[in-house]
Amino acid sequence: MSDLKTSTAGLEEISRHGLESSNKTEAIITDVTHLASYNWIEARKPTIAVPGSPALWSAPQGPRKVKKDSGLVYISQNAARHPDSPLEPLFRALYIEKPSFDISSIDVVTDRNNIRKLLSFINPAQSRNGLDPFTIEIDVVAQTAIFCRAETATHEIIGPGEFRGFGHEFEKAYTISQIAKSTGHHRIISYRLGGLSFLVRHETDGCVGDSEPGGKEDMSIRDDLAKTMRSLSLAPTSAATMQESTKSELTIKREGRVVPRESTLEIKTRVLHKPLQFSEVAPQLWISQTPKLVRAYHQHGIFSLPNVEDVTTALRDWEQVNQDDIRKLVTLIECILRVARNWGGSSIIRYDSLKDKLVIEKAERKKMLPDDLYSRLNKTVPVKVE
C-alpha cells in the first residue's frame, strides 16, 4: 500500500505507476446477474417505471435519412431528474424486484461511468477523448462503498446552429419505445471481479425481439408486433398503480416487463469514412456486460441498414488481452476501498490533471439516500448536515 500513494491526514494520493497487482490470477467478470431495471418517465415530479423496458430494435428496410441531434440531451439523467438523490432509483427498483437482497454482500455500488473513469486513469488510451478531470463521491455504509458520479453539468442543450452528430435521433428512428413517455432505460446488475463484488447501474439503448434483427419480414408485421407488445405485455396491471413514498420525492409506477440481459444492445453512430473500432467501445460494453452492438454508419445523415452484432466472444477476447489493465483496476479499487472504509462516512475521489494522480479526500458526511433506505439497508443513518 505504501508504494501506491503518499498521504497526509484526510488525504491520499495514488499514482498509476505504483498500481502493480501482486495477484497474478486471472481478473475476469463472473457470476453476472440481472437484478432490477427501470425507466425514467417524462413528468412534473421525478417518476420511474419498474421494471420498465428497453426500446425495441426495429430497423427500417433500406437507407434512411436521420435529422441531426438537437434540443435537450442528458449527460447524467439520474442526477438531472433527481438531483437530491441520483442513486435512490437504483435502490427503489432493486428492493421492489429483489426485496430480500443482501446489500452487505456487495463491496461497491456504482454507475458504469465511474468504473470507466477509473479504467481511463489506469490507461488513458482506453478513453477515446483521453483523460479529463473527474470527481466521484463515496459514502461508506458498513463495508459497502457507494460511488456516486459527480458531473459539473447533468444535461446540455444543442442549439439549431450546433452539430453533435445523429446518435439520439437515430435511436428514435430505429427503436420503438415500450413505455409511454419513457426518456431512458436503466439496468442494475451484479457480478464478481478480482475477488470484489459489484452492483452496477447502466443505461441501455435498446433490446432485440424474438425475430432476427435486420431480417426481411414485412415492416407492417414488425409494427403490429410492437403495438401488440405495448398493449399486452407492457400494460400496467391492477397492481401497477402509481406509488409514492411518503419519505421520498420519487414517484414509482409498476409497469413494464423484465428483459433478459442477453437481449440488450448498445447503439453507436459514426460517419462512414471513420469506422468505429471495437476497442473504442469495449470498456463500456465490458463493464455493463452488454452482449450486442449496433455500429450504424452514415453519409450526410443517410444511414444504410445496420446489423446487430453479438459481441460476447469479442468481449471475452478483449478481457484476456487487457488483463494487465484490469488487474491494475482491481488493485486501484481495493486501494480506494481500504482508504474509504478506514475513514468511514464520506470521501471524494478526484483526478488531479496537474499531478496526474488520483486524490482521495475525507469529506463531511453527505447523505446519498433518503433515511428510510439507510434503515432498509440495516445501516446507521448518517447525521444530517445543516
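Guide: Let's start with a word you'll need throughout: buried means under 20% relative accessible area, exposed means over 50%, and partly exposed is in between (1.4 Å probe, protein chains only). Of the 386 residues in this chain, 52% are buried. This is a predicted model, where local features need pLDDT of at least 70 and side-chain atom pairs count only at pLDDT 80 or more, while totals for chains, interfaces and linings use all residues. Residues are numbered from 1 along each chain as its sequence is written, and side-chain values use heavy atoms, with hydrogens and water left out.

Visitor: What is the mean pLDDT of the chain?
Guide: pLDDT is the predictor's confidence in each residue, on a scale from 0 to 100. Here the chain averages 86, and 84% of its residues reach 70 or more. Over residues 212-246, though, the value is below 50, and that stretch has 55 contacts in the model beyond near neighbours in sequence. A contact, by the way, means heavy atoms within 4.5 Å. Residues 380-386 also stay under 50, with eleven contacts beyond four places in sequence.

Visitor: How many helices and strands are there in the chain?
Guide: Both are DSSP runs numbered from the N terminus: helices are H or I with at least four residues, strands are E with at least two. This chain has nine helices and 23 strands. As for how they come together, take the contacts between residues at least 6 apart in sequence: 75% of them join residues at least 24 apart.

Visitor: Why is helix H3 described as largely enclosed by the rest of the structure?
Guide: Count its buried residues. H3 spans residues 112-122, and ten of its eleven residues are buried, so the rest of the structure largely encloses it. Among them are Arg112, Lys117, Leu118 and Phe121. Arginine and lysine are on that list too, so don't read it as a hydrophobic roll call: Arg112 and Lys117 are buried in H3.

Visitor: And how do I read a pair of aromatic rings?
Guide: You describe such a pair by the distance of the centres and the angle of the planes. Rings of Phe, Tyr and Trp (its six-membered ring) pair if their centres lie within 6.5 Å; planes under 30 degrees apart are stacked, over 60 edge-to-face, and the rest tilted. A search of the whole structure turns up eleven aromatic pairs. One of them is Phe121 with Tyr351, edge-to-face at 5.9 Å centre to centre and 65° between the planes. Phe121 lies in H3 and Tyr351 in strand S22 (residues 345-352), so this pair ties together parts 230 residues apart in sequence. Phe121 is buried at 0% relative accessible area, and Tyr351 counts as buried at 8%.

Visitor: Which pair is tilted?
Guide: Look at Trp286 and Trp318: their ring centres are 5.5 Å apart and the planes are at 50°, so the pair is tilted. It links helix H6 (residues 278-288), home of Trp286, to helix H7 (residues 312-321), home of Trp318, and the two residues are 32 apart. Trp286 is buried at 2% relative accessibility, and Trp318 is buried at 8%. H6 has nine of its eleven residues buried, so it too is largely enclosed. Just after H6 comes Gln289, with a positive phi near 55°.

Visitor: Which residues form one aromatic cluster?
Guide: Trp57, Phe163, Phe166, Phe170, Tyr174 and Phe303 do.

Visitor: Where does the charged end of Arg16 sit?
Guide: The test is that NZ of Lys or CZ of Arg is within 6 Å of the ring centre and within 35 degrees of the ring normal. Arg16 has its charged end over the ring of Phe121, 4.8 Å from the centre.

Visitor: What does the side chain of His185 reach?
Guide: It reaches the backbone oxygen of Tyr38, at 3.5 Å. His185 is in strand S13 (residues 182-193) and is buried at 3% relative accessibility. Beyond residues up to four places away in sequence, His185 touches residues including Tyr38, Pro51, His202 and Glu203. Tyr38 itself belongs to strand S3 (residues 29-41) and is buried at 0%. The C-alpha atoms of Tyr38 and Glu255 are 8.9 Å apart in space, although the residues are 217 apart in sequence.

Visitor: How many disulfides does a search of the whole structure find?
Guide: A disulfide needs a pair of cysteine sulfur atoms within 2.5 Å. The search finds zero. Cys207 is buried at 1% relative accessibility, and Cys335 is buried at 0%.

How values were computed:
Polar contact = N/O pair within 3.5 Å; in protein donor to acceptor, adjacent residues only side chain to side chain.
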